[in-house]
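Q: I've got a new model open on my screen and I'd like to learn how to read it. Can you walk me through it, feature by feature?

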Amino acid sequence: MKPIIYRKMHCLKRHLIFLVFLSAGCSFSQSDRKAELAAVSASIHDAIGWAKNKDFKLLYSIIANDSNYLEVDPDPGIIRGFAQFKKNEAFWGSPDFKAVRYEIRDLKISLSQKGDVAWYYCVLDDINEWKGQPASWMNTRWTGVLEKREGRWIISQMHF
């Protein structure tokens, strides 16, 4: 029979190993957290900022390219799936549409414990023109959900 001290040390060692694995799966360092929040913020800004130069490649790189994508807008309403979202390209790509500028205020981003899902809230001013006339959203509440897919933050849901 092994001495009691040996058994207690062995038990303690197993518990420490378990805690190391448990904490590694549930949290990340403060610098990693800051980097993830910055990357999420960049995707949120790109979801509006792409329009200035009509950079559809940028837009489509941050929108979930699947049938589960969901967007709720005052007009045209509910957009379900990437295929339906992409139909708006004719409007956004039209020479009659001009993105002037945007401002995001009070941006609040939360990360899941595992760091693979984020959700946000902000107030958006999206200043645009259609045929030279103002076509803007002012003081618009904007919320959404992003997922980290293949190392990139992708918007899977937005509500305006």
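Q: Let's start with one side chain. Is Lys148 buried, partly exposed or exposed?

A: Keep in mind that this is a predicted model. The general idea is to look at relative accessible area: under 20% is buried and over 50% is exposed, with partly exposed in between. Lys148 comes out at 32%, so Lys148 counts as partly exposed.

Q: Which residue does Lys148 form a salt bridge with?

A: Side chains of opposite charge can pair when their charged atoms come close. Here the partner of Lys148 is Glu36, and their closest N and O atoms are 2.7 Å apart. Lys148 sits in strand E6 and Glu36 in helix H2, so this salt bridge ties together parts that are 112 residues apart in sequence. Glu36 has a relative accessible area of 18%, so Glu36 is buried.

Q: How many salt bridges are there in the whole structure?

A: The search turns up 5. Have a look at Arg105, whose side chain meets that of Asp125 at 2.7 Å, N to O. Arg105 belongs to strand E3 (residues 97-111) and Asp125 to strand E4, so that pair ties together parts 20 residues apart in sequence. Arg105 also meets Glu103 in a salt bridge, at 4.0 Å from N to O.

Q: How buried or exposed are the residues in those pairs, starting with Arg105?

A: Arg105 is partly exposed at 22%, and Glu103 is partly exposed too, at 34%. Asp125, at 8% relative accessibility, counts as buried.

Q: Which residues are linked in a network of salt bridges?

A: Look for Asp66, Glu147 and Arg149, which are linked that way.

Q: On to the rings. How many aromatic pairs are there?

A: The count is 14. To read one, check the distance between ring centres and the angle between the planes; over 60 degrees counts as edge-to-face. Tyr69 and Phe85 are one such pair, with centres 5.3 Å apart and 70° between the planes. Tyr69 lies in the loop between helix H3 (56-62) and strand E1 (70-72), while Phe85 is in helix H4 (residues 82-86), so the pair ties together parts 16 residues apart in sequence. Both rings are tucked away by the numbers: Tyr69 is buried at 1%, and Phe85 is buried at 8%.

Q: How are the rings of Phe91 and Trp92 arranged?

A: Their centres are 4.9 Å apart and their planes at 80°, so they are edge-to-face. Phe91 is partly exposed at 36%, and Trp92 is partly exposed at 28%. Ring pairs also link residues into a cluster, whose members include Tyr69, Phe85, Phe91, Trp92 and Trp130.

Q: What about pockets: what volume does the largest pocket have?

A: About 530 Å³. For a pocket, start with the residues that line it. This one has 22, and the closest to its centre are Asp73, Phe91, Trp92, Asp126 and Trp137. Helix H2 (30-49), helix H5 (89-93) and strand E4 (117-130) each supply at least two lining residues. By class, the lining has 16 nonpolar, 2 polar and 4 charged residues.

Q: One last residue: what does Thr140 touch?

A: Leaving out residues up to four places away in sequence, Thr140 touches Cys122, Val123, Leu124 and Phe160. Thr140 is found in strand E6 (residues 137-149), and with a relative accessibility of 12%, Thr140 counts as buried.

Technical notes. Residues are numbered from 1 along each chain as its sequence is written. Side-chain values use heavy atoms; hydrogens and water are left out. On a 1 Å grid over the protein atoms alone, a cavity is a set of points where a 1.4 Å probe fits but cannot get out, and a pocket is an open set with protein on both sides within 12 Å along at least five of seven lines; lining residues have an atom within 4 Å of a point. Grid points are joined across faces, edges and corners, and a volume is the space filled by probe spheres set on the points. Helices (H or I, at least four residues) and strands (E, at least two) are DSSP runs, numbered from the N terminus. Ala, Val, Leu, Ile, Met, Phe, Trp, Tyr, Cys and Pro count as nonpolar, Asp, Glu, Lys and Arg as charged, and the others, Gly among them, as polar. Buried means under 20% relative accessible area, exposed over 50%, partly exposed in between (1.4 Å probe, protein chains only). Contact means heavy atoms within 4.5 Å. Rings of Phe, Tyr and Trp (its six-membered ring) pair if their centres lie within 6.5 Å; planes under 30 degrees apart count as stacked, over 60 as edge-to-face and the rest as tilted.
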